[in-house]
Amino acid sequence: MASEDKDLVEILEEHNQIDVAKYINYVSAPQAGAVATFSGTTRDTFEGKTVLELRYEAYVPMALRCMKSICSSARSSWNLLSIAVAHCLGPVPVGETSVFIAVSAVHRADALDACKFVIDEIKASVPIWKKEVYSNGEVWKENSEFLERRLDLGKKDEIWNQKEIEVEVERHTRKSCCGAKVKVIEEGDKK
């Protein structure tokens with residue numbers, strides 16, 4: 001069985017609750033010395049505001065591809081048996097699970113580390129959006145993992161922008177689709 005055959009990745013449409021037992025059973029195996037799980041649930045307050053529910057939207061085809069890629073990355077970093085990931089769309093009332101992850105491995109360290117990696121990567125990079133609905137309003141939320149990732153990317157852009165770069169434009173005499181060719185010369189490459 002190929003490693004991706006050992007992964008179960010699902011996005012559940014509105015009003016379908018996550019069946020935690022289904023995903024734990026999926027990853028359970030006689031050779032598994034550990035099954036690590038994460039269950040993300042809707043809490044009743046946030047920064048002193050009463051939360052009624054969370055609402056999730058997603059670009060489903062891309063979200064599924066991203067989650068499968070995250071599972072593949074986890075497999076390349078840890079010795080895992082099976083991975084199951086489920087995320088709900090639509091309204092998720094207080095106390096209900098919106099995201100569930102189960103990871104099995106021979107050893108607990110691999111299962112625990114991979115489970116944390118999977119949820120952190122989902123929150124940082126998968127196109128699933130969350131709206132918090134309060135008793136006095138609602139707001140779309142950005143995950144802290146997404147913001148940290150964006151800040152890290154911004155730092156890389158700053159480094160690139162701080163380099164002195166010279167751009168030469170050469171005109172082609174023959175007709176082409178582009179009309180001009182751009183050559184980038186970095187500081188140390190000048191002749």
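Mentor: One definition before we start: contact means heavy atoms within 4.5 Å. Keep in mind, too, that this is a predicted model.

Trainee: Got it. Which residues is glutamate 132 in contact with, leaving aside its neighbours within four places in sequence?

Mentor: Find glutamate 132 in strand β8. Then skip its neighbours within four places in sequence and look for heavy atoms within 4.5 Å. What you get for glutamate 132 is Phe46, Glu53, Leu54, Gly137, Glu138, Val139 and Lys141.

Trainee: Is glutamate 132 buried or exposed?

Mentor: Buried means under 20% relative accessible area. Glutamate 132 has 4%, so put it down as buried.

Trainee: Which side chain joins the side chain of glutamate 132 in a polar contact?

Mentor: Stay with glutamate 132, in strand β8. The polar contact spans 2.5 Å, and the partner side chain belongs to tyrosine 134.

Trainee: Glutamate 53 was on that contact list. Where does glutamate 53 lie, and is it buried or exposed?

Mentor: Glutamate 53 lies in strand β4. Its relative accessibility is 16%, and the cut-off for buried is under 20%, so glutamate 53 counts as buried.

Trainee: With which side chain does the side chain of glutamate 53 make a polar contact?

Mentor: Glutamate 53 has several contacts further off in sequence, including Thr42, Pro91 and Lys131. For the polar contact between side chains, though, go to the one at 2.6 Å, which is with arginine 55.

Trainee: Which residues stand opposite arginine 55 in β8 and in β6?

Mentor: β4 pairs with strand β8 (residues 128–134) in the antiparallel sense over seven bridges. β4 also pairs with strand β6 (residues 90–93), again antiparallel, over four bridges. Opposite arginine 55 in β8 you find lysine 131, and its bridge partner in β6 is proline 91.

Trainee: What about β3? How many bridges join β3 to β4?

Mentor: Strand β3 covers residues 45–46, strand β4 covers residues 49–58, and they run antiparallel. Phenylalanine 46 stands opposite lysine 49 in β4. As for the number of bridges joining β3 to β4, it is two.

Trainee: Which residue takes a positive phi in the hairpin of β3 and β4?

Mentor: Look at the turn: this hairpin has two residues between the strands. The one with a positive phi, near 50°, is glutamate 47.

Trainee: UniProt places a "binding site" feature on this chain. Which of its residues does the lining of the largest pocket include?

Mentor: The UniProt record, an unreviewed entry, places the feature at His107, Arg108, Lys123, Lys130, Lys131 and Glu132. Of these residues, the lining of the largest pocket includes Lys123, Lys130 and Glu132.

Trainee: And histidine 107: is it buried or exposed?

Mentor: Histidine 107 lies in the loop between β7 (97–105) and α3 (108–125). Exposed means over 50% relative accessible area. Histidine 107 has 53%, so call it exposed.

Trainee: Over in β5, how far is leucine 81 from valine 103 in space, C-alpha to C-alpha?

Mentor: Leucine 81 has its place in strand β5, and at 16% relative accessible area it is buried. In sequence, leucine 81 and valine 103 are 22 residues apart. In space, C-alpha to C-alpha, the distance is 7.6 Å.

Trainee: How many aromatic pairs does a search of the whole structure find, and which residues form them?

Mentor: The search finds two. One has ring centres 6.4 Å apart and planes at 45°, so it is tilted, and it joins tyrosine 23 and phenylalanine 100. The other is also tilted, with centres 5.4 Å apart and planes at 55°, and it joins tryptophan 78 and phenylalanine 117.

Trainee: How many residues apart in sequence are the parts tied together by tyrosine 23 and phenylalanine 100?

Mentor: Both residues are buried: tyrosine 23 has 2% relative accessibility, and phenylalanine 100 has a relative accessible area of 2%. Tyrosine 23 lies in helix α1 (residues 20–27) and phenylalanine 100 in strand β7, so the pair ties together parts whose separation in residues is 77.

Technical notes. Residues numbered from 1 in each chain as written. Predicted model: local features only at pLDDT ≥ 70, side-chain atom pairs only at ≥ 80, totals over all residues. Heavy atoms only, no water. Pairing = 2+ DSSP bridges. Buried < 20%, exposed > 50% of the residue type's maximum accessible area, 1.4 Å probe, protein only. Polar contact = N/O pair within 3.5 Å; in protein donor to acceptor, adjacent residues only side chain to side chain. UniProt positions renumbered as here; feature names shortened; annotations may be inferred. 1 Å grid on protein atoms, 1.4 Å probe; cavity = no way out; pocket = protein on both sides within 12 Å on 5 of 7 lines; lining within 4 Å. Phe/Tyr/Trp six-rings, centres within 6.5 Å; stacked < 30°, edge-to-face > 60°.
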